[in-house]
Amino acid sequence: MSPWYVLLVLLVGAERLAELVVARRNARWSLARGGRVFGRGHYPWMVALHTGLLAGCLLETWLADRPFVPALGLPMLALAAAAQALRWWCIIALGPQWNTEVIVVPGLPLVTRGPYRLRWLRHPNYVAVAVEGAALPLVHGAWVTALVFTALNAVLMVVRVRCEEAALASLTRTPATGEVAA
């Protein structure tokens, strides 16, 4: 296993820790404004899956002695970097409304700037997660980790997107009738 790949995975891990710092700050902001947390049941699974991705990248590469193949690794490195850029574009666009948990603040409008202005791409952050989850392991040939993460992430994203959509829909329902406001 290449030392630079270990460094890359450790840097992604450090980026995840930075996300958690931002998420905690944003959670305090949201909760202070009456924010409601949704979907706490799936959150530990999401944390475990993302931790497992990083561990899997290193373990599979080391235990299976996966070689670095430039024809695959370099394009995957570019995709992983693009996924990071998209993720941080999402974080910046959502500002204090971004979080690793599903927290919605009543009365705040949907964000329509940055990648969220693309109506056909409702959850761009999850595109970043999916691309990174496949690309990061494949940078150094960890194809089993890429496949396992992708499959488990697909299942988790069904749960997560349904949770987010329900949380967002709850903001547009009128309290008296429960009907969706126009």
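Buried residues account for 42% of the 182 residues in the protein chain. The model is a predicted one. The chain contains 5 helices and 2 strands, and along the sequence these elements follow the order α-β-α-α-β-α-α. The C-alpha trace spans about 60 × 30 × 30 Å along its principal axes. Among contacts with a separation of 6 or more, 82% join residues that are 24 or more positions apart.

Helix packing can be followed from α5, which covers residues 143–171. Helix α4, residues 124–138, packs against α5 at an angle of about 170°, and the two axes are 8 Å apart. An angle over 145 degrees counts as roughly antiparallel, and α4 and α5 are therefore roughly antiparallel to each other. On the α4 side, the contact is made by Y126, V129, A130, G133, A134, P137 and L138. On the α5 side, the residues are W143, T145, A146, F149, T150, N153, M157, R160, V161 and E164. Sorted by class, this contact of α4 with α5 has 11 nonpolar, 4 polar and 2 charged residues.

Helix α2 also packs with α5 at an angle of about 170°, with the axes 10 Å apart. This pair, α2 and α5, is therefore roughly antiparallel as well. From α2 come Y43, W45, M46, L49, H50, L53, G56, C57 and E60. They meet W143, V144, T145, F149, L152, N153, L156 and R160 of α5. The residues of the contact of α2 with α5 divide into 11 nonpolar, 4 polar and 2 charged.

The next topic is the nonpolar interior. The largest nonpolar core has 22 residues, of which Y5, C57 and L136 touch the most other members. Two or more residues of this core come from each of α1 (3–32), α2 (43–63), α3 (70–94), α4 and α5. The biggest contribution is that of α2, which gives 6 residues. Leaving aside neighbours within four places in sequence, Y5 is in contact with C57, L58, T61, L136, P137, V139 and H140. Apart from the largest core lies another core, of 12 residues, which includes A83, C90, L94 and Y116.

C90 leads to the cysteines. A disulfide is a covalent bond between the sulfur atoms of two cysteines. The count of disulfides in this model is 0. C90 is in no disulfide, and the nearest cysteine sulfur, that of C163, is 17 Å away. Seen from C163, the closest cysteine sulfur is that of C90, and 17 Å is too far for a bond. C90 counts as buried because its relative accessibility is 0%. C163 is buried too, with a relative accessible area of 13%; the cut-off for buried is under 20%.

A charged side chain can also be buried, as R87 shows. R87 is found in helix α3, and its relative accessibility is 2%, so R87 counts as buried. What is R87 in contact with, leaving aside its neighbours within four places in sequence? The partners are E15, R16, E19, N125, A128, V129 and E132. One of these, V129, is also among the residues of α4 that make the contact with α5.

Note on methods. Residues are numbered from 1 along each chain as its sequence is written. This is a predicted model: local features need pLDDT of at least 70, side-chain atom pairs count only at pLDDT 80 or more; totals for chains, interfaces and linings use all residues. Side-chain values use heavy atoms; hydrogens and water are left out. Axes are lines fitted to C-alpha atoms, for helices over the stretch in contact, and angles run from 0 to 180 degrees between N-to-C directions. Helices (H or I, at least four residues) and strands (E, at least two) are DSSP runs, numbered from the N terminus. Angles under 35 degrees count as roughly parallel, over 145 as roughly antiparallel, 65 to 115 as roughly perpendicular and the rest as oblique. Contact means heavy atoms within 4.5 Å. Ala, Val, Leu, Ile, Met, Phe, Trp, Tyr, Cys and Pro count as nonpolar, Asp, Glu, Lys and Arg as charged, and the others, Gly among them, as polar. A nonpolar core is a set of buried Ala, Val, Leu, Ile, Met, Phe, Trp, Tyr and Cys residues joined through side-chain atoms within 4.5 Å. Buried means under 20% relative accessible area, exposed over 50%, partly exposed in between (1.4 Å probe, protein chains only). A disulfide is a pair of cysteine sulfur atoms within 2.5 Å.
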